[in-house]
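Reader: I would like to learn how annotated positions can be read against a set of coordinates. Could we take one case slowly?

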Protein chains: 2
Amino acid sequence: MNSCQVLSRENLTHLLDSVDTFLFDCDGVIWKGDNLIDGVSETLDFLRSKGKKLVFVTNNSLKSRAQYALKFHFLGISVSPDEIFSSSFAAAMYLKLYNFPPQNKVYVIGGDGILEELRLAGFNAFGGPADANKTVDLKQNIFFEHDKSVGAVVVGIDPNINYYKLQYGTLCIRENPGCLFIATNRDAVGHMTAWQEWPGSISDSIISHSGISAGCMVAAMCGSTQKEPIVVGKPSTFMMDFLLQKFNVSCSKMCMVGDRLDTDILFGQNAGCKTLLVLSGCTTQSALQDPSNNIHPDFYTSKISDMLDLLEA
Amino acid sequence: MNSCQVLSRENLTHLLDSVDTFLFDCDGVIWKGDNLIDGVSETLDFLRSKGKKLVFVTNNSLKSRAQYALKFHFLGISVSPDEIFSSSFAAAMYLKLYNFPPQNKVYVIGGDGILEELRLAGFNAFGGPADANKTVDLKQNIFFEHDKSVGAVVVGIDPNINYYKLQYGTLCIRENPGCLFIATNRDAVGHMTAWQEWPGSISDSIISHSGISAGCMVAAMCGSTQKEPIVVGKPSTFMMDFLLQKFNVSCSKMCMVGDRLDTDILFGQNAGCKTLLVLSGCTTQSALQDPSNNIHPDFYTSKISDMLDLLEA
């Protein structure tokens, strides 16, 4: 028996009174693939009308903040890039805060979002989709060249992962003195694709039918470099520390809303936030209540629009 | 101070008297890339003339035993496929010994060598190089199909590693009940390519200039499946147990000769063999003698032909 309560009119009222900022995970909370989850728009409007600050925190590094703002826009929700914290942005902010020398380059195993955020932050980033079709001929008598001025390798989910990229990143980390190894996140599987729009999505099948995620690419790099990365996305506290500074809020007045126990809820708990699990993504009620689970959110409910239904009831 | 002795005329004479089988690693011991290491041919001839049994044990799963025999042949050395134990063969023997149902399929992330050994052993294997150019469109509304009759996924070094293969293997392991996850080996970097034919090869640079190896692909699969593989190559004892049965020899009468501490020497020691480290591959004398190293072979020397030089001196 754990302390996790189903969301009710009573505890929701108390939560709304005690919290001034809601942090939302996106995939499985706001949308699934390219479809908005029912009632999201009205729920966000309601929270804004109550004066709550909203922040959207996603581990998916494929897009930049500007690209996410566009996605929100297309889904009919008005969100400013400033309200969005993607792990792609977190990677750029990590280098910024730790005074990464701008004359050093950054090699990217991942999507456009990372490259865009790094460039916006003033860094010289390369790799990513541009290396999608590069190959390594193991039989050819070549010396594999890499840029000695690469001072950081950032690894996120990469739909075009290949041997060339893994080899390039490995050489930079192993050979360039002090080269940083940064992971946007370590989620094993993700659900940013459309194929998880699977009948009966609140079932175990949703998890295994999802696509492999950044955790797979990060693990590959750990395997070849025999080093552990600096993780900047959830559940690492880096993103939270950054948020707290930027918005000047107290953790105890924040509530993290997410669909994953091991990233979202842990992220909130690591920082001392209130936590609300929604079952509209990759966690089932039985997984939550399984004795093997030791991550217990304060509250859980099926989807965020339950807030409206409970208050109207 | 450890007990590792440099090979001398005296301890070599004693070693030759006490041992009847020599197990040789190949990469870095017999050849480097496509070049035979100096004096190898004469050394092997000498050992055979002394009645020693020779076995060649390689973690490199890109080739099958028959393909390795051909490589030996082209390098001017006569070796029968029966004397060769590659990790590709070990994967097939593992399934054979554990009565893997022949009606189940095997999905391969790796090279032709694994497919060939699996097929020779009577298994229905697919994947490998044939999936080199398959792609996954994360944006398309597709359901990623996988074969429910796959009962094992074998992962080795794969120069054509891509998202499709990682996703396919992950789905088989996560979704097919009882599906085995087998790794040929977990070496972080390898030196099967030609680019490590690098001036001053007995230096630290040889390690980092080598290509990424199976450990990288295996780690990727661990990251996405969150499972640990059954490892059949060195230093796992599976290959040794198989060798002992097949040749009916005693471990104490065997000597393992290799260039890697964490696979070759550990493999020999795990089985109770004598061990000889050669510095003609990826281990330097300073790495051997570094206080952080806790794997100590019985003997070390620069290359296997030192045996001849010592006895002639």
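Reader: Is A:Asp259 buried or exposed?

Author: This is a predicted model, in which local features need pLDDT of at least 70 and side-chain atom pairs count only at pLDDT 80 or more, while totals for chains, interfaces and linings use all residues. Residues are numbered from 1 along each chain as its sequence is written, chains are lettered from A and ligands numbered from 1 in the order in which they are written, and side-chain values use heavy atoms, with hydrogens and water left out. Buried means under 20% relative accessible area, exposed over 50% and partly exposed in between (1.4 Å probe, protein chains only). A:Asp259, at 0% relative accessibility, is therefore buried.

Reader: Which residues does UniProt place under "binding site" together with A:Asp259?

Author: UniProt positions follow the numbering used here, with shortened feature names, and annotations may be inferred rather than shown by experiment. The unreviewed entry lists A:Asp25, A:Asp27 and A:Asp259. They span 235 residues in sequence, yet no two of their C-alpha atoms are more than 8.1 Å apart, so they gather at one spot.

Reader: Where does A:Lys234, also annotated "binding site" in the unreviewed UniProt entry, lie in chain A?

Author: Helices (H or I, at least four residues) and strands (E, at least two) are DSSP runs, numbered from the N terminus. A:Lys234 sits in the loop between β13 (230-231) and α9 (237-247), and is buried at 1% relative accessibility. Contact means heavy atoms within 4.5 Å; leaving aside residues up to four places away in sequence, A:Lys234 touches several residues, including A:Asp25, A:Val57 and A:Asp264.
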